[in-house]
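Here are a few friendly notes to read alongside the structure. Take the points one at a time and find each residue as you go.

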Amino acid sequence: MDGEADGSVTVSEDSGRRRRVHGMLKLYYGLNEEGKTPEQPESLDPCDINGPHFDPELYLNKLRRECSLAELMDQETCMVKQIRSLDSDMQTLVYENYNKFISATDTIRKMKNDFKKMEDEMDCLSANMAAITDFSARISGTLQDQHTQITKLSGVHTLLRKLQFLFELPARLNKCLELQAYAQAVSSHRRARCVLQQYSHLPSFKGIQDDCHAIMDKLAQELRQKFRDGGSSAKDLSECVELLLQLDEPAEELCDKFLSHARSRLESDLQGLEAEIRPYPSTSALKDASARRSSSAAPVGSPTDGSPKTSSLSSPSSNTDILEFIDRGCNEFVSSLCLVITSYQELFINHAQTGELASKNIPQMANGKLHAFVDDLAARYFSLVERRIQEEKGVGDNSLLVRALDRFHRRLQAVAKLLPGSAVPNQGTEIVIRAATERVKQYLCALQSFYMDSLTDVRQALATPRLSVAGASVAGGGALLGGPASGRDAPTSLPELLSSLSASILNQIKSVLASVHLFTAKDITFSNKPYFKGEFCSQGVRESLVVSFIKFLCQSSRQFCESAGDKGGSTPPALLLLLSRLCLDYETSTISYILTLTDEQFLVQHHSPVTPVTSLCAEAREAAQKLLNHYVKVQGLIISQMLRKSVETRDWVNTIEPRNVRAVMKRVVEDTTSIDVQVGLLYEEGVRKAHSSDSSKRTFSVYSSSRQQARYAASYTPSAPMDTNLLSNIHKLFSERIDIFSSVEFNKVSVMTGIIKISLKTFLECVRLRTFGRYGLQQIQVDCHYLQMYLWRFVSDENLVHFLLDEIVGSSAHRCLDPAPMEQSVIEVICERG
Amino acid sequence: MEDDAPVIYGLEFQARALTAQTAETDAIRFLVGTQSLKFDNQIHIIDFDDENNIINKNVLLHQAGEIWHIGASPADKAVLTTCYNKSESYCFLLSLAPFTTSLCFSFFFSSDSRLVSCAAVWRMPSDWETGSHESPDDSAHNPQTLELLCRLDDSAHGNAACVLWEPMGDGKRVISLADNNALLWDLQESSTQATVSSTATLEGKGQLKFTAGKWSPHHNCSQLATANDTAIRGWDLRTMSQIYCIENAHGQLVRDLDFNPNRQYYLASCGDDCKVKFWDVRNVQEPIKTLEEHSHWVWSVRYNHSHDQLVLTASSDSRLILSNMVSISSEPFGHLVDDEELSEGEDNHQEDKSKEPLKDSVVSTYEEHEDSVYAAEWSSADPWLFASLSYDGRLVINRVPRALKYRILL
């Protein structure tokens, strides 16, 4: 059509115009150019000449009504013009269409001619094709025979090849056997087996089959032999097993054989391990081993472990250290165990599951056997490891043991992965737990022995300067002030000893905690087991290590009081004092510090009830109290003993007039002073009741001059005894009862009061058992005055000293055959001169 | 309640010696010996009227010297022994001028005066009781004097510390402990003659001295226990040889001993380490029980004669302590009672209940004394009653608390 359009030049000479004409036509036929109806308001107007609803009547009327004549005329001309142009347009269109019809008619005529020619040629072609078909059919017919023959021949060929394979099979198998290409032999045989089975009724095949069987039996025999021989590697072995399985050997038997073979190899590993551990060592052998170790262990230990292992404290009793031992165990035993498990599983379980064996419950059977096997061997391995761990007694370096246990535990995880549901890893964890608990116990022992050792050190340290004290105080002689001076000289070291003792204990505890902390380190595999997170921290470390040690400390301190009390007291008093202070320090701060430290380090979560700090503190305080009481008792007894001897050995009836204070009193004051210094080094002063400024001067002036005089004076009248009783009773009514061996407070004054109380009470009781002459009484007066002068300063309530000394003088006056007291002034002169 | 209140009696003199009148089983009677260097010493006979809670006293003069120990014959109410100190020069001077001047004393001291401890057997005048009743207001004024039966003197054997009567004997045998000798005396002619039948001597380093002793009532009265320094020794009286020795029985001096009246091997001791220890003499390594209730030396320990769980201790801390040592007594769980009342199930049930609280315990601490208590004794007539004597001469009579008494009895 486009071609036609090009041809009609006139139509398309002006596209714009043509379009306009098209538009007119379309308008005429009621179609919009875009398929849209023209705008309604225009088209509905009956007066629109171009609208579809044009009404000529109305239009004409409208024109006539609206327009003037001239306009009408114009309208008319215009209209005529438009009509004319429309007419010419219409003529052009008609012309164009006509031309197109003409050319179409021409084309159709031409086509009619061409088709006629083509029909002839087609006829010719079909005739040729028929000839070709005919020929082809004829060729096929001739070739038919030969084709069937070829097919048949090729079938025969394959059959012959199979037969050849079968005939050659025995030879081939033999050759394989010779070359030990067992796998090939088995696969060959497998291929032929069914055929041979099927045609076994034919004699020739039967022969072949028998041959094959014989060979295969031989082969199986050989495989079994190889299997039995220990020499082959695990890989070979597994190959063997695989082949044997393919040869329909009973799986159960194979399992057993496989396992027993593996067992023999693992056993040799275990024996190697066992050789590492010395046969259960007797104590002498143990020493021997450790002695030997000192020479041999250092080079052995150093390659596996670097610097921390140089400590001589770690002395395992066998030649190799534990890390090495565990390493060897892991590398040899555990890894071969893993290998065995993997290959076994590969062979009997995974393999069987896919193959035809699955139906026979073989995996279950094999699995059961494997578990029993692993459990058995692991138990032996564990017992060895445990024995080895038990030999690990030295507590110097824990990291080695922890690392060894870690490795041990880590390697068992491999077994756990290979063999889910096995008890082995749990048992391993239990061993680790046991080892850890054992270790904690050892640390406790070590701490305890460390404590006892340091006490021995302290004792020695105390013993050495004590000699110098004795020497100094003897040298000091009568000079009273020499007492404290020389006394101070010697025990200066007491606070130092205390601080060094407590510091070394604390350090030891810290280092032990650090060592034990290794068990819970993040990089250790077993540290995230619930035991190590919970129970080990709370029960193991906190309770059975730290708390036990503190308890031990208190208890051993208490034992000092008990054992020394009866058997003559070998404990030096200074040690008692020092320990008492130590316990008190523990009560006030150290215990809570240590426990807080422990709790922080181990993040103890208290699932189970733990010993509270307060009860430990109470225990420590009790121990401190007991020690201090015992100290007071011991020191009091020492002074008492001096006083008692001095009273008991003297003939008080026949004594000379006193000219001096007896030396023993000076000694008592000196000793008291040095005790005061000693206690002052460790304990605070304490409170004392206010006393008058001239306490030393007070002495018994009151009682000697008035009351005592009254007593003596009264004693010459018959009613006297009643009076003295009355007086002393009245006196006692107003003074509080004195407990002699009573508990003291933790301060110097209280301690000194206790000691002086004991001493003076002894003095009193001894005096009451003696009878005095006049000068005996006077000597006692002098002595008491002397004591009065010096002792008041030590006690909390000087009235106590006054009261006891009063009692002593009063009692000696009672026990005097001739009570004639000395003049107070003379007494004072004598005392001051002394 | 008022029955449990203590009864207090004051002596004029200081006193250490106290004994129950052993032969007297009807009246509650104690004998107290005084210690005075200046006046005639006395023996106070203290009768306690249980019904009316009243004390009656009688005084006998003991002019020989101050009394350190007193013992009553188990057979004859009127016979007793004392150990006393006398200063020979002093006595002499006293006769010259009882209330002397210093001049006499210078003479006294120039002479080599010596204090001697003696022991003697005495008889109370037969009419002391009637005599005292006639003049109850002023009994001290005309006191009668003790009649000396015989002296247990043996100058070769040193100073007597105490005299022990044969327990439950016929009053014919006594033992005196003098320095390091134990002398067994036979009293003849109604105790007017005493002869030493055998002696035992303590040998050893230093000056050994018996401080206390006790004649065992067991083994047919053939054993004696003595104390010297820190050791306790047992003696066989037939051979006068040592049969056991508890070295270091106490940390300090041993002050007193007593045998369990019902368990033959059990022995109580007390001493200056403030402890009371109970021993099984078959094993002398360790005491079977130790009490540490006193705060000063313990001077006396006494088993109750009938109920040996009751133990009385006296101490120079001025306290008297009554302990109930059930665990080592002869009737640890009231077996004797159980046997008697086995038929009554209800009672048995009650018995079970009462077993629980019957643990070794301090029953009571008596604080009536103001001075050191050196002696305590159970009454021989009333097993629930005891007396204690402190140095200031105060005698206190107490009873076992009623609750405990009924618990032991029922």
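1. Start with D123(A), which sits in helix α5 of chain A, a helix that covers residues 69-179. Keep in mind that this is a predicted model. D123(A) belongs to a negative surface patch, and its companions there are E119(A), D120(A) and E121(A).

2. Helix α5 of chain A is also the place of M129(A). This residue helps to form a nonpolar surface patch with M122(A), L125(A) and I132(A), and together the four have about 410 Å² of accessible area. Is M129(A) buried, partly exposed or exposed? Its relative accessible area is 45%, so M129(A) counts as partly exposed; being exposed would take over 50%.

3. Now for the rings. Over all chains, the whole structure contains 19 aromatic pairs. One of them joins Y381(A) and F382(A), with 6.0 Å from centre to centre and 40° between the planes, which makes the pair tilted. Both Y381(A) and F382(A) are buried. They also belong to an aromatic cluster that includes F333(A) and F408(A).

4. Next come the salt bridges, of which there are 35 over all chains. In one of them, K748(A) pairs with D676(A), and their closest N and O atoms are 3.6 Å apart. Why does this pair tie together separate parts of the chain? K748(A) lies in helix α24 (residues 748-768) and D676(A) in helix α20 (residues 663-682), both of chain A, so the bridge links parts that are 72 residues apart in sequence. Both K748(A) and D676(A) are buried.

5. Have a look at R768(A) too, whose side chain meets that of D371(B) in a salt bridge of 2.8 Å, N to O. R768(A) lies in helix α24 of chain A, while D371(B) is in the loop between β26 (361-366) and β27 (373-378) of chain B, so this pair joins two chains. R768(A) counts as buried because its relative accessibility is 1%. D371(B) is buried as well, with a relative accessible area of 6%.

6. Finally, stay in chain B, where the side chains of D47(B) and R29(B) form a salt bridge (2.9 Å, N to O). D47(B) is in strand β4 (residues 41-49) and R29(B) in strand β3 (residues 28-35), so the bridge ties together parts that are 18 residues apart in sequence. Which residues share a network with these two? Through salt bridges with shared partners, E24(B) and K77(B) are joined with R29(B) and D47(B) into one network. D47(B) and R29(B) are both buried.

Key
Residues numbered from 1 in each chain as written. Chains lettered and ligands numbered in written order. Predicted model: local features only at pLDDT ≥ 70, side-chain atom pairs only at ≥ 80, totals over all residues. Heavy atoms only, no water. Patch = residues over 30% accessible without salt bridge, like charges linked within 9 Å, V, L, I, M, F, W, Y side chains within 5 Å. Areas by Shrake-Rupley, 256 points an atom, 1.4 Å probe, with all protein chains shown as cover. Lys, Arg positive; Asp, Glu negative; His and termini not counted. Charge placed at Lys NZ, Arg CZ, Asp CG, Glu CD. Helix = DSSP H or I, 4+ residues; strand = E, 2+ residues; numbered from the N terminus. Phe/Tyr/Trp six-rings, centres within 6.5 Å; stacked < 30°, edge-to-face > 60°. Buried < 20%, exposed > 50% of the residue type's maximum accessible area, 1.4 Å probe, protein only.
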